[in-house]
Amino acid sequence: MFGPHETNLATRRALSDRHVAYYRARASGGAGVIVVEEASVDDSDWPYERAPLAAHAAEGWSRISSACREEGALVIAALGHAGGQGSSAYHQRALFGPSRVPDVETREVPAAMEPEDVEKLVSAFASASAAAIAAGCDGVELNGGQHSLLRQFCSGLTNLRDDELGRDRAEFARRVLLATRGAVDHVASGAIVGLRLSCDELAPWAGITPQDATGLVTSLVQLGLDYLCVVRGSAFGTSATRPDGHVEPGFNRGSATMVRAVLPQGVALVAQGSIVDVALAEELIVSGEADLVEMTRAQIADPVLGKKVASGAVDHIRPCVLCNQTCRVRDVRNPLVTCIGEPRSGHETSEEIPERALVARGKAGSPGGRTSVLVIGGGPAGLECARVAAAVGHQVTLLERDQSLGGMVRVAARAPGRERLGALADWLEYECRHAGVRIVTGHEVTLEEIDDHEGPIVHCTGSRPGRRTFEVTSGAAIATAAEVLAAERRVAEPPPSPVVVWDPIGGPVGVGVAELLATHGAAVALVTPDHVVGEQLARTGDLAPANVRLQQRGVDLVRRSVLLQFGPLGATVEHRYSGERRLLDAVLCVDAGYLLPEDTLWRASGARQPRVGDAVAPRTIHEAILEGRRVALALGHEGSSGVPAASP
Ligand SMILES: Cc1cc2nc3c(=O)[nH]c(=O)nc-3n(C[C@H](O)[C@H](O)[C@H](O)COP(=O)(O)O)c2cc1C
């Protein structure tokens, strides 16, 4: 299954062309069931700017159903209402909730629903469900997961009512289910009704626990439910529904097993939760723990995962590394869903498909004959550029200065919880070798080699340390974050201690290096100019968990402070607002600051050849891979603007 998720692909609250292409790509890639992004059942719910609304979704549902059915997949429309976890910013009305309990994140107090509001929403669920089936969907999935009014009614955290909807907290969900079943049966008998239910709110003082969930499920399954998808999370653990690599894959297994025990025959159990490895998915099915497996991020990372499994090409599946860097879309930038490893995800209508070229390779070769392409640098940009250039038929040589490939991806993978990133580097390397790229490591490219090469040259030379923003007394022990990460695993003895880490960025690097050193026994002070450590981690959902981990490991969080000087006595830091200075005891200073492009060779060779990724401007793996791919595809379109043509 491709599970329901917010994509930001909607326009004016309607499902768009982009949705159709996005889902078709997964259906043609082998997904058996596509659950379309949740639509609000009623206009009292507008939880994020581009949230679809059921009343505007019929045409989109119909187009998605036709597209995916042609590819052999079932289509389920996710339906829901975010209740008190919504937003009043768009519709400028009070939010609905079971009771007047302020939301943990927004602090907004919802209006407690009156009996007529309850009735209105029950029929909104029914009519939205009927509309989805009438539009051609095979079923509906009601959201009782983390961001949902259904869960808020089921939970002791938010349902404090003393009427019949509070005395039995499952009552609202029961009414919705009953009305939905009746409505869909009226349109098409045999339509599927699924329920996504938080079976662990991670707030045991009043929230749903896995034990409570068994009772809840028992009282709901009799009402014509076809499947149940066990999820976790609530307002108290919003990042817990789809945590990053710091949490073990398959984390919902225990809850799912408990719930399965009370499911009657004929109600399918859908397993969910960081199931990104095919082996785990298979184990869940073969062992009978689940009937279906939801692999959402895994199919954002590789839309053709299903087909690769079916054809025995499991080694070719592009891994989801659970980084959450670009598939989380609820942030101030309002980005489209995408993937660091597969930047075409979410951009299916504008970015070309390298895989299509891969299939064509060998049959057609390159129309204009094989061009000899030289890729300089074997980080993510260079590997993706080489992989795609080889896939479209070029003869590619990749030269890397280091002994190993992967560049900063390998370095970043040394931070705790980020180890899976290594799988992406492995995959890129494997695919390059498979596509016939000639790879030479330990090779420093010279200007003569550049002059002698006949054919395109792409510079993917990455980054170098940036300008130091603090003074260093000569002889003081200084290292970059990359140096510490790269060295850590090779060094057996404990790291130097105490250490000060200067992190003016607030991304995963500074936090990761502090965590790594603390885990290995160093006393660490992490200095940030921001109010919160790891500020940028809000985008990946790791902000709160990272702060918890750092504090549990005893890291001294030195906030709102700037590192001025490092010397034999330690690090001098200044508070940004009070100006107060203090000395932090440290024998090593780790600079996790900004990087600069490593473009020396590019400049020396005339600054005319294409360069991509960090060699242009140091950013993330996402931009490196995106630009590496774009340049490789443009090599096949000589004379074009350099921008690959849109795919159908
Ligand atoms: C971009 C993105 C948006 C999501 N939005 C929603 C959502 O709106 N509603 C929901 O119930 N789950 C949402 N999820 C959670 C997914 O449905 C799924 O439960 C989660 O990704 C864990 O499954 P996975 O590990 O297979 O990705 C979202 C996940 C992603 C990656």
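**Cavities, ligand shell and ring contacts**

A search of the whole structure, a predicted model, turns up 3 cavities of 30 Å³ or more. The protein also holds a ligand and buries 93% of the 590 Å² that the ligand exposes when taken alone. Aromatic pairs number 6 in the structure.

**Cavities**
- About 110 Å³ is the volume of the largest cavity.
- Its lining consists of 17 residues.
- Cys 320, Val 321, Cys 323, Cys 327 and Cys 339 lie nearest the centre of this cavity.

**Ligand shell**
- Around the ligand there are 17 residues.
- Pro 4, Gln 272, Ser 274, Arg 297 and Cys 327 come nearest to the ligand.
- By class, the shell splits into 5 nonpolar, 7 polar and 5 charged residues.
- Cys 327 appears in two settings: it is among the residues nearest the ligand, and it is among those nearest the centre of the largest cavity.

**Polar contacts of the ligand**
- Gln 272 uses its side chain: an N or O atom there is 2.4 Å from an oxygen atom of the ligand.
- Ser 274 uses its backbone: a polar atom there sits 2.6 Å from a ligand oxygen.
- Glu 6 also contributes a backbone N or O atom, which lies 2.9 Å from a nitrogen atom of the ligand.
- With the protein in place, 93% of the ligand's 590 Å² is buried.

**Aromatic rings**
- Phe 2, Tyr 22 and Tyr 23 form a cluster linked by ring pairs.
- Trp 602 has Arg 611 over its face.
- The distance from Arg 611 to the ring centre of Trp 602 is 3.6 Å.

How values were computed. Residues numbered from 1 in each chain as written. Predicted model: local features only at pLDDT ≥ 70, side-chain atom pairs only at ≥ 80, totals over all residues. Heavy atoms only, no water. Phe/Tyr/Trp six-rings, centres within 6.5 Å; stacked < 30°, edge-to-face > 60°. Lys NZ or Arg CZ within 6 Å of the ring centre and 35° of its normal. Near = heavy atom within 4 Å. Polar contact = N/O pair within 3.5 Å; in protein donor to acceptor, adjacent residues only side chain to side chain. Areas by Shrake-Rupley, 256 points an atom, 1.4 Å probe, with all protein chains shown as cover. Nonpolar A, V, L, I, M, F, W, Y, C, P; charged D, E, K, R; others polar. 1 Å grid on protein atoms, 1.4 Å probe; cavity = no way out; pocket = protein on both sides within 12 Å on 5 of 7 lines; lining within 4 Å. Points joined across faces, edges and corners; volume = space filled by probe spheres on them.
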